[in-house]
Amino acid sequence: MFRKRNLVLDLLRRVDRCEVEALISWGLWSRAVSTLPKSAQLATDDIDIGSKQTEMFSLAGELASLVEESAHVDYDSKPTSRMEMKRSLELRLKKRVKEQYIDGKFSDLLKKVIARPDTLRDAYDCIRLNSNVSISEIDGNVAFDSIAEELSSGVFDVASNSFSVTARDKTKEVLFLPSVALKVVQEAIRIVLEVVFSPHFSKISHSCRSGRGRASALKYISNNISHSDWCFTLSLNKKLDFSVFKDLLSVMEEKIEDNSLSILLSSMFQSRVLNLEFGGFPKGHGLPQEGVLSRVLMNIYLDRFDHEFYRISMRHEALDLNSTTGEDSPSSKLRSWFRRQAGERDLKSTTEQDTALRVYCCRFMDEIFFSVSGSKKAAVDIRSEAVGFLRNSLHLEIIDETDPSPCEATSGLRVLGTLVRKNVRESPTVKAVHKLKEKVRLFALQKEKAWTLGTVRIGKKWLGHGLKKVKESEIKGLADHNSTLSQISCHRKAGMETDHWYKVLLRIWMEEVLKTSADRSEEFILSKHVVEPTVPRELRDAFYKFQNSAAAYVSSETANVEALLPCPHSHDRPVFFGDVVAPTNAIGRRLYRYGLITAKGYARSNSMLILQDTAQIIDWFSGLVRRWVIWYEGCSNFDEIKVLIDNQVRMSCIRTLAAKYRIHEDEIEKHLDLELSMIPSAEDIEQEIQHEKLDSPAFDRDEHLTYGLSNSGLCLLSLARLVSESRPCDCFVIGCSMAAPAVYTLHAMERQKFPGWKTGFSVCIPSSLNGRRIGLCKKHLKDLYLGQISLQAIDFGAWR
């Protein structure tokens, strides 16, 4: 009986008390109970029998008391995650918005929904959750009542609630950012607009919606490019001007009837705090120039293109009279097209399906991808129609005028920070050829290493023997007054031993040779310039002949080698698949630009991180590893990313710590072994992600809720100064009341335009913020490094 009672409590714990009493008073309780599981129905029957026997309480009072008791029952549930709390806050606002749906439109949203203190408080809590600040603490820094009153009366001044940041370089770029009060208002407007418009967005839009995001977009693209012939992308470029903003308001007025909301958005546009730009920078990285409203406004505006795409695909797939599919009437094609859009299987044969024209499209924010299965003329026509609509109807500019490229011939199309291409799945014969080539390459590499180690060992023995036999008189006799030795002999310190002085001369000679050599290694000098000229010529020629033959075989065309082997599967048709590749060359350039590797690809220390604490340095490198694993997890060349993570990134961290403490790298690994173990390997993060997918709620992986967090770029901060009692500073993160122990300088290391590579580093931080100083507490500095918060959480107006 007690177990059944708890079951009913669990089912009714979130049921409103007034709703239960209404169900009972209207005689609908039996109908509601019929929808419950059978065990729950038996439990309700037992409760009904008990209440009839006692006749002390009515059924309504008994059920109402059960709801009250459920608030005190401990269900041993897991702690609510911050994304779950954010989801509940947005659902609470969603209920208020739906109450304003009258006669097919939403009306008076500003005065009855947005301009309410509880709505503004919920929006502020969403901001604090994005900032990883506890919403249980009462924050009195924002006057919600006064803001709501100003919004209701129409006297809320947007200009006074915004500030500008000017770049210190010659560009003098000006960035307009909202204050905390205005950001709260924008967050409330964002949630309201997404409630109104998100249910009507097209399925080709993967713009950070619930269940649709970057991962789903790449999956859709890789699946469809495998059976496409032509592909292309459209790169948009347009700042928000009056014509675009006017069209945007007209689109919003189709579903919202609220003149005061349009006036408020117009004032934000005039104050330049919307920060909406098509193609100006990669979206989703949580950077300050990406306004709070940019995501929803861009999706609302480009939703017109999404619906236009269906008309374009219908004209080419369903109504194209030039292509034939074996049937005389075009109505059969139209019927098949509607069946495909409804998700039904096409009833045509496989041959007819292969010859039919297909158009695929995927949009993530302002990145638009197309692939076409058919002729090149059809792909060119589709592209021209899409470009014409974007230019003529949406008033957007297209910066890429290239024609559609064949999917098989292209080396890869740049989409969402990756290369997407169409590959042929290797046959057993090709796999055998590649395996043999790899064995030959590894064998030649082993011989080369053995040759180098042998010659270097001989060179070191020669050097040691020479140092033992050298005499002071022999060194002096080698020089005349015009020689280099005579010119540098004055730099010899008093009391320097002969062998030590000889080592100095040898090092000087090596530096002279290294100036004209491509390699910067002393071992290379000993091997190539000292030992190899003295070994027998026949031995040297045989070694290099073998290396050249192995290199020629490895670099030979696979088709030529395959033709020499028996191919029983030659009659089979090639199997294509969509391949998503991580841009390793672009990643290497990022590492070099941020000072983590040299121009030759060797790990080095980062001078900007040296002054920070050991834990903070390790957190910075750990954040880089986590971003890369999450960002490139599904790429086919992820093993190369693992090598970069486990070798160059980890070694750069070790050398940064070695430069900080001025000790050898081996000593750092011994003394800080426990701290360095905090840098996760790629496999550890992969396992962690798999466990999170099983244990954590789906809300934590929803790209709609984690927009700007999961894709946030890694910024580079250097220690500016420590905070003292005479110069105090609070944390700049919105909602944080902690004191900042240090002030940091923000560095903008790259300023390229879209479509720049998204590699897990910061992307296009505006030059206005380059060199700006921000105060951060230890908790939020770690959150920023590990990707728990983004630069959107920082109030740059806290200290101008």
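1. In this predicted model, the buried residues of helix 12 pack against a varied set of neighbours, namely helix 10, strand 5 (230-239), strand 6 (256-257), helix 13 (259-271), strand 7 (277-278) and helix 14. The residues of helix 12 that are buried are Val244, Phe245, Asp247, Leu248, Leu249, Val251 and Met252, so a reader who wishes to follow this packing in the structure may begin from that list, bearing in mind that buried here stands for under 20% relative accessible area.

2. Of these neighbours, helix 14 deserves a point to itself. The axes of helix 12 (residues 242-252) and helix 14 (residues 294-318) come within 10 Å and cross at roughly 85°, which means that helix 12 is roughly perpendicular to helix 14. On the side of helix 12 the contact is made by Val244, Asp247, Leu248, Val251 and Met252, while helix 14 contributes Leu297, Ile300, Tyr301 and Arg304. Sorted by character, the residues of this contact between helix 12 and helix 14 comprise seven nonpolar and two charged residues, with no polar ones.

3. The largest nonpolar core has 171 residues, and those with the most contacts inside it are Ile189, Met268, Phe370, Trp620, Trp628, Leu717 and Leu776. Helix 10 (residues 180-197) supplies the largest share of this core, with twelve residues. As general background, nonpolar side chains tend to be buried together in soluble globular proteins.

4. What does tryptophan 620 touch, once its neighbours within four places in sequence are left aside? Tryptophan 620 is then in contact with Leu596, Leu609, Leu714, Cys715, Leu716, Phe761 and Tyr785. One of these partners, Leu716, falls in strand 15 (716-722), which leads to the sheet described next.

5. Strands 15, 16 and 17 form an open sheet in the order 15-16-17, with antiparallel pairing. Strand 15 (716-722) and strand 17 (773-776) are the edge strands, each of which pairs on one side only. On average, and with direction ignored, neighbouring strands of this sheet are turned by 40° against each other. Strand 15 and strand 16 (residues 742-747) run antiparallel and are joined by six bridges, and within this pairing serine 718 stands opposite threonine 745 in strand 16.

6. A further open sheet is formed by three strands in the order 12-13-14, and here too the pairing is antiparallel. Its edge strands are strand 12 (413-415) and strand 14 (576-581), each pairing on one side only, and its neighbouring strands are turned by 35° against each other on average, direction ignored. Strand 13 (residues 418-424) pairs with strand 14 in the antiparallel sense over six bridges, with glycine 578 in strand 14 as the bridge partner of lysine 422. Helix 11 (residues 214-225) lies across strand 12, strand 13 and strand 14, and runs at about 25° to strand 13.

7. Is lysine 376, a residue of helix 17 (residues 376-392), buried or exposed? Lysine 376 is partly exposed, because its relative accessible area is 40%, a value between the limits of 20% for buried and 50% for exposed. The C-alpha atoms of lysine 376 and tryptophan 230 are separated by 6.9 Å, although the two residues are 146 residues apart along the chain. With neighbours within four places in sequence left aside, lysine 376 is in contact with Trp230 and Pro404.

Terms used. Residues are numbered from 1 along each chain as its sequence is written. This is a predicted model: local features need pLDDT of at least 70, side-chain atom pairs count only at pLDDT 80 or more; totals for chains, interfaces and linings use all residues. Side-chain values use heavy atoms; hydrogens and water are left out. A nonpolar core is a set of buried Ala, Val, Leu, Ile, Met, Phe, Trp, Tyr and Cys residues joined through side-chain atoms within 4.5 Å. Buried means under 20% relative accessible area, exposed over 50%, partly exposed in between (1.4 Å probe, protein chains only). Helices (H or I, at least four residues) and strands (E, at least two) are DSSP runs, numbered from the N terminus. Contact means heavy atoms within 4.5 Å. Axes are lines fitted to C-alpha atoms, for helices over the stretch in contact, and angles run from 0 to 180 degrees between N-to-C directions. Angles under 35 degrees count as roughly parallel, over 145 as roughly antiparallel, 65 to 115 as roughly perpendicular and the rest as oblique. Ala, Val, Leu, Ile, Met, Phe, Trp, Tyr, Cys and Pro count as nonpolar, Asp, Glu, Lys and Arg as charged, and the others, Gly among them, as polar. Two strands pair if DSSP finds at least two bridges between them.
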